[in-house]
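Me: I would like to go through this model with you one question at a time. Please reason each answer out before you give the value or the name.

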Amino acid sequence: MSNAKKKVSADDALRMFRQMVRIRTFENNANQLYLSAKMPGLTHMYSGEEAVAVGICEALLPTDKITSTHRGHGHCVAKGADFKAMFCELLGKEEGYCRGKGGSMHIADQSNGNLGANAIVGGSLGIATGAALTSKLKKTGDVAVCFFGDGATAQGLMYEVMNMAALWKLPVIYACENNGYSEYTKTEEIAAGSITARAEAFGIESHQVDGQDVIAVNELSRKLVERARKGEGPFFLELMTYRYHGHHVGDINREYYRAKSEEQDWRDNRDPIIRMRAWLIENKYATEAELDELSKEVTEDAETAVAYALDAPYPDVSEVDMHVYTDIEHVLA
């Protein structure tokens, strides 16, 4: 783990560990719901990348904004979302965050500053930059964080918004989750040169960090968030991480583009939860039994939330046009 460990309190460290366990547990349950044909549509697992979402979101306030990706469950949980409302959303139920209309790939949680997941590669870059501009114009002091994958660095929108953010010194942090693959293609085959150099070309301060070390991610994020609040932004982060599953839940036979031994090596030797667990025990912040109990509590919370969501009602058919047309009486309900 990072040398920053000496500065982390037991409460902060245990909260970050719990949040990573919550994300992994949520994803495991979401995967089972899909495999058992209880969840409609596709979903994209965040397992393996938990330290990125948690490390960054733990540096934010509830009023700070984030934008997400199609692999967005982890960001949603890390920003404070509730299991029941999330599972209801995935299952298309009316008690979901988007009343069951967003599903896995478009989940949002406005109450915690999550402006939403986006199925367009790089699509949320403009939304996050707009949120940062709003903050500056209204002087709210809020910071916006945009999560996106390495594949989005090939999108032209990224360069347009970084240019504006640099010119106007917007309070935005561009967080590139480099998990080594752009869908089914290795990153080095789609991204020429250095990813951080792309932001540096606009005069944006850039950093590369181990995305499997939640303390390192959090330490850097806290510094950059506070600087962004003071008007020193924008900033760019390249977080080196890895997704354990395929591009989506149906991407099962992956050997044609990456080896099983590679996946196993990351699981065995670089897993963010295993690393953090060992560090907590080594530094006497918690015992094996205490961490086992914590994990058990999270598992039970998830099981309860899944059972609740499965029994929850679907939206009434009358809601089909709600939040679509502005000239309908119930549209803004």
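Me: In which loop does alanine 37 lie?

Reply: The model is a predicted one, so what follows rests on computed values. Just after H1, alanine 37 takes a positive phi of about 65 degrees, although this residue is not a glycine. Its place is the loop between H1 and helix H2 (50-57).

Me: Is alanine 37 buried or exposed?

Reply: A residue counts as exposed when its relative accessible area is over 50%. For alanine 37 the relative accessible area is 68%, and the residue is therefore exposed.

Me: What span does H1 reach from its first C-alpha to its last?

Reply: H1 has 26 residues, for which a span of 38 Å is expected at 1.5 Å a residue. The computed span is close to that expectation, at 37 Å.

Me: Which residue other than alanine 37 has a positive phi without being a glycine, and where does it lie?

Reply: Phi is near 55 degrees in lysine 139, which is a residue other than glycine. At 71% relative accessibility, lysine 139 counts as exposed. The residue lies in the loop between helix H5 (124-138) and strand E2 (144-149).

Me: How many residues of H2 are buried?

Reply: The buried residues of H2 include Glu50, at one end of the range 50-57, and Cys57, at the other, with Val52, Val54 and Ile56 also among them. The helix is largely enclosed by the rest of the structure, because the count of buried residues is 8 of the 8.

Me: What separates the C-alpha atoms of leucine 42 and asparagine 253?

Reply: Leucine 42 is placed in the loop between H1 and H2, and at 34% relative accessibility this residue counts as partly exposed. Along the chain, leucine 42 and asparagine 253 are 211 residues apart. In space, their C-alpha atoms are separated by 16 Å.

Me: How are phenylalanine 26 and phenylalanine 87 arranged as an aromatic pair?

Reply: By the pairing rule for rings, whose centres must lie within 6.5 Å, the count comes to 10 aromatic pairs. Phenylalanine 26 and phenylalanine 87 form one of these, with 4.3 Å from centre to centre and 25 degrees between the planes. Planes under 30 degrees apart count as stacked, and the arrangement of this pair is accordingly given as stacked.

Me: Why does the pair of phenylalanine 26 and phenylalanine 87 tie together parts that are apart in sequence, and how many residues apart are they?

Reply: Both phenylalanine 26 and phenylalanine 87 are buried. Phenylalanine 26 belongs to helix H1 (residues 10-35) and phenylalanine 87 to helix H4 (residues 83-90), so the pair ties together parts whose separation in sequence is 61 residues.

Me: Which tyrosine has the charged end of arginine 258 over its ring?

Reply: Ring pairs link Tyr181, Tyr242, Tyr256, Tyr257 and Trp266 into a cluster. For a charge to sit over a ring, CZ of Arg has to be within 6 Å of the ring centre, and the charged end of arginine 258 is 5.4 Å from the centre of the ring in question. That ring belongs to tyrosine 181.

Me: At what distance from the ring centre of tyrosine 308 does lysine 84 lie?

Reply: Lysine 84 is placed over the face of tyrosine 308. The distance from the ring centre is 4.6 Å.

Me: Where is the proline found that follows a cis peptide bond from glycine 233?

Reply: The peptide bond from glycine 233 to proline 234 is cis, with omega near 5 degrees. Proline 234 is found in the loop between helix H8 (214-229) and strand E7 (235-240).

Me: How do the residues of the lining of the largest pocket divide by character?

Reply: The largest pocket has a volume of about 300 Å³. Of the 20 residues that line this pocket, the closest to its centre are His70, Val121, Gly149, Asp150 and Gly151, while E2 and strand E4 (181-182) each supply at least two residues of the lining. The division is 5 nonpolar, 10 polar and 5 charged.

Me: How far apart in space are glutamate 183 and glycine 151, C-alpha to C-alpha?

Reply: Glutamate 183 is found in the loop between E4 and strand E5 (185-186), and is partly exposed, with a relative accessible area of 38%. The two residues are 32 residues apart in sequence. Their C-alpha to C-alpha distance is 7.8 Å.

Technical notes
Residues numbered from 1 in each chain as written. Predicted model: local features only at pLDDT ≥ 70, side-chain atom pairs only at ≥ 80, totals over all residues. Heavy atoms only, no water. Phe/Tyr/Trp six-rings, centres within 6.5 Å; stacked < 30°, edge-to-face > 60°. Helix = DSSP H or I, 4+ residues; strand = E, 2+ residues; numbered from the N terminus. Buried < 20%, exposed > 50% of the residue type's maximum accessible area, 1.4 Å probe, protein only. Lys NZ or Arg CZ within 6 Å of the ring centre and 35° of its normal. Expected span 1.5 Å × (residues − 1). 1 Å grid on protein atoms, 1.4 Å probe; cavity = no way out; pocket = protein on both sides within 12 Å on 5 of 7 lines; lining within 4 Å. Points joined across faces, edges and corners; volume = space filled by probe spheres on them. Nonpolar A, V, L, I, M, F, W, Y, C, P; charged D, E, K, R; others polar.
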